[in-house]
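The following exercises concern the cavities, annotated spans and selected residues of one structure. Each task is followed by a solution in steps.

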2 protein chains.
Amino acid sequence: MGPTSDDITREALARYARVPLLRDQHLLELIAGRYRDFGAVMQVNSEVMADVPQGATSLINQEGSAPGIRLVSDGVPIFALPGVPREMRAMFSHEVLPELLREFQPETQATTVLRIAVEGESSVAMKLRDWEQGLPSGFSVAYLADLGNVLVKVTGPDEAIVNGLAHNAALLVGDSVYAIQNRSAPSTPLAAEVLGLLREKRHSIATAESLTGGGVGQALTDVPGSSENYLGGLITYSPALKTELLTVPSALIEKVGTVDPNVAYAMALGARRATGADWVVATTGVAGPGQSEGKSPGTVYLAVMGPAPDGGAGVQVRVVKLEIHRSDRDLVRRSTVIHALELVRRTLSELGNAVGQVEVTHLVTELRK
Amino acid sequence: MGPTSDDITREALARYARVPLLRDQHLLELIAGRYRDFGAVMQVNSEVMADVPQGATSLINQEGSAPGIRLVSDGVPIFALPGVPREMRAMFSHEVLPELLREFQPETQATTVLRIAVEGESSVAMKLRDWEQGLPSGFSVAYLADLGNVLVKVTGPDEAIVNGLAHNAALLVGDSVYAIQNRSAPSTPLAAEVLGLLREKRHSIATAESLTGGGVGQALTDVPGSSENYLGGLITYSPALKTELLTVPSALIEKVGTVDPNVAYAMALGARRATGADWVVATTGVAGPGQSEGKSPGTVYLAVMGPAPDGGAGVQVRVVKLEIHRSDRDLVRRSTVIHALELVRRTLSELGNAVGQVEVTHLVTELRK
């Protein structure tokens, strides 16, 4: 649908419907206006985007410049949308879906979604096996797994029953459920849940990252309003910066390397001092693809440090080990970000650690000073 | 294809082909082995993944546990792949595509791709309009636009001619082309190009981020081997951390706010001192969705600082202003990351800026020391 010579959808639709392609002057003005909104000038070659098959209507693109086309041929409506995913999605939601809903009037179904962090799909499904057998007729469950996240969708004709079933399921799955929401609610990423817990406590957080290289900070700041609780962080990718910015003792790194629970602990301690944040989360490990310091990709240590749960002057610390059995750099890094956020959520909520998080106990005591 | 009750593809295929579903004991062993590789235990409910329609073969999943299925029915091969995108892609490449290529033996076509940063698709297409008219018969061009990136693919039956045409196109497009590569080469993200230029010079780089919250560091560390040149960085999301970690004068922030070219400059200076890196790139601005400090979302300042191009003792600085005319937080942040990397690339390559340079004028003079 775009301005380039390989965008042949307009011509193809016109030929299919055996109608001429006409330039719509009003649409041309709208497209030129879009370019002005984006601070750009419309080029001559972009004018073809205002060509529309005779009898067709154009669909508004809220995310870009190329309009869509709606053409009825032999009584069948045909929609042509731009290929850029975000433009396609927005146009489908605003221009296509309303017509489909009007036309087909689907039965109203209520849906409630459980959002689950760092637990495998088959482990979740096992816990829900008996519950699933007992679902009333007309009610169903669907599972959607993404890296480190599982969604369980409960659907049926009655909202109160769906909600009740979903809450029962959440009890069976346990601590790894971090949100229960209706489908109509905007989705809650794990980072938003963590920031919400911090907001309730009026606590701030900072990050100290090695293998994730800024990924934990990015996930937190993806959430609008994150500046209320996220102060910032230190990306100490080189061993020297771990010492210079986070005061991790160089003697420690020389002795044990950087992929070590004591280093994660010292990073958290240093970042808490440097930033003054109430909470700090630190990541260090091997992203891969190859080994580092003789350790396999996916060997990761996390540390979370924050105020003691009793509200006293003390500090609580959790240091855990992850073993992400993957050699894919991107997977290891993204999985580490999710585990780090989940460790913060569980510490804030006074829950036990997640599956695969092994508590580390043998920390060098001098560091605790 | 997974273990949960809503995974009905196996049954559907068996019913379609009118054959029974049989449990494959050898496949069951393989799946259990996958779970062991991932450090997990196979649950009872996962055993259904070893069910295969009689006469079908299973396809290996290199990225997950659920196998695919290849079934021939009435002489037509049917492939069923898991829905998790990375698992689907890997299985398609390793199990489906080779069979399709054997079956259909497509004409060999050479492709060369131009990778272009921070220039719009229609602007690129305008520059190539005459060149495109002159393409020899049998040679074609395709445009693929993503946020802040345009790919131009030149395809034809002769590799040398395709290469020559692509290089001519690169000259016409100009400085924004950052890579020219054959389709078979692994794709070069902009961050990899930046790190390659740094490696040639044996220079290090660090980041100082506000609105991107770690995104520039993450983009750089996405590249395997980035630790050779990327030292780390500081995420100074709160104004106080800009002063505490990067010594941005609090008097400056009180006077001009944080969305200001002088603040970007001071952040770069502070990060260069704190990290000792040869190069530093700094980001500050309004991510949105709402205004901040009276400025619109998409108002962003970038600063790059590094050794003078003549190799002398001096320092060079570029400070630019972006006006990203979008109110979408995610778009503004991702676009800023790409612009920041492109500014580093152009400075390292001694090319002009992609957007307007901003003179830093109101800088507190003490900062220049």
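Helices (H or I, at least four residues) and strands (E, at least two) are taken here as DSSP runs, numbered from the N terminus. The model to which these terms are applied is a predicted one.

**Exercise 1. Annotated spans of chain A**

Determine how much helix and strand residues 189-348 of chain A contain, and how far apart the end C-alpha atoms are. Then treat residues 1-101 of chain A likewise.

Solution. Step 1: the UniProt record, an unreviewed entry, assigns "domain: CinA C-terminal" to residues 189-348 of chain A. Step 2: this span is 43% helix and 23% strand, and its end C-alpha atoms are 16 Å apart. Step 3: residues 1-101 of chain A are listed by UniProt, again in an unreviewed entry, as "domain: MoaB/Mog". Step 4: helix makes up 39% of residues 1-101 and strand 20%, with 25 Å between the end C-alpha atoms.

**Exercise 2. The largest cavity**

State how many cavities of 30 Å³ or more are found, and describe the lining of the largest cavity.

Solution. Step 1: there are 2 cavities of 30 Å³ or more. Step 2: the largest cavity holds about 50 Å³ of space. Step 3: its lining includes B:V118, B:L302, B:H339, B:E342 and B:R346. Step 4: β14 (315-323) and α12 (329-348) of chain B each provide at least two lining residues, and α12(B) gives the largest share, with 4 residues. Step 5: by residue class, the lining comprises 7 nonpolar, 2 polar and 2 charged residues.

**Exercise 3. The second largest cavity**

Identify the strands that each supply at least two residues of the lining of the second largest cavity.

Solution. Step 1: the volume of the second largest cavity is about 30 Å³. Step 2: among its lining residues are A:M1, A:R10, A:D51, A:V52, A:G68 and A:I69. Step 3: the strands sought are β2 (51-53) and β4 (68-73) of chain A. Step 4: the lining divides into 6 nonpolar, 2 polar and 2 charged residues.

**Exercise 4. A:S5 and chain B**

Which residues does A:S5 touch, leaving out those up to four places away in sequence?

Solution. Step 1: A:S5 lies in the segment before α1 (9-17) of chain A. Step 2: because its relative accessible area is 44%, A:S5 is classed as partly exposed. Step 3: the residues touched are B:E132, B:V141 and B:Y143. Step 4: the side chains of A:S5 and B:E132 are joined by a polar contact of 2.3 Å.

**Exercise 5. Two residues to classify**

Is B:Q316 buried or exposed, and is A:D260 buried or exposed? Give the surroundings of B:Q316 and of A:D260.

Solution. Step 1: the limit for a buried residue is a relative accessible area under 20%. Step 2: B:Q316 has a value of 16% and is therefore buried. Step 3: B:Q316 belongs to strand β14 of chain B, and its contacts include B:W279, B:V304, B:P307 and B:T347. Step 4: a polar atom of the B:Q316 side chain lies 3.0 Å from the backbone oxygen of B:P307. Step 5: A:D260 has 12% relative accessibility, so A:D260 also counts as buried. Step 6: A:D260 is placed in the loop between α10 (250-256) and α11 (261-275) of chain A. Step 7: beyond its neighbours within four places in sequence, A:D260 is in contact with A:T284 and A:Y301.

Key
Residues are numbered from 1 along each chain as its sequence is written. Chains are lettered from A and ligands numbered from 1 in the order in which they are written. This is a predicted model: local features need pLDDT of at least 70, side-chain atom pairs count only at pLDDT 80 or more; totals for chains, interfaces and linings use all residues. Side-chain values use heavy atoms; hydrogens and water are left out. UniProt positions are given in the numbering used here, feature names are shortened, and annotations may be inferred rather than shown by experiment. On a 1 Å grid over the protein atoms alone, a cavity is a set of points where a 1.4 Å probe fits but cannot get out, and a pocket is an open set with protein on both sides within 12 Å along at least five of seven lines; lining residues have an atom within 4 Å of a point. Grid points are joined across faces, edges and corners, and a volume is the space filled by probe spheres set on the points. Ala, Val, Leu, Ile, Met, Phe, Trp, Tyr, Cys and Pro count as nonpolar, Asp, Glu, Lys and Arg as charged, and the others, Gly among them, as polar. Buried means under 20% relative accessible area, exposed over 50%, partly exposed in between (1.4 Å probe, protein chains only). Contact means heavy atoms within 4.5 Å. A polar contact is a pair of N or O atoms within 3.5 Å; within protein, one must be able to donate a hydrogen and the other to accept it, and residues adjacent in sequence count only if both atoms are side-chain atoms.
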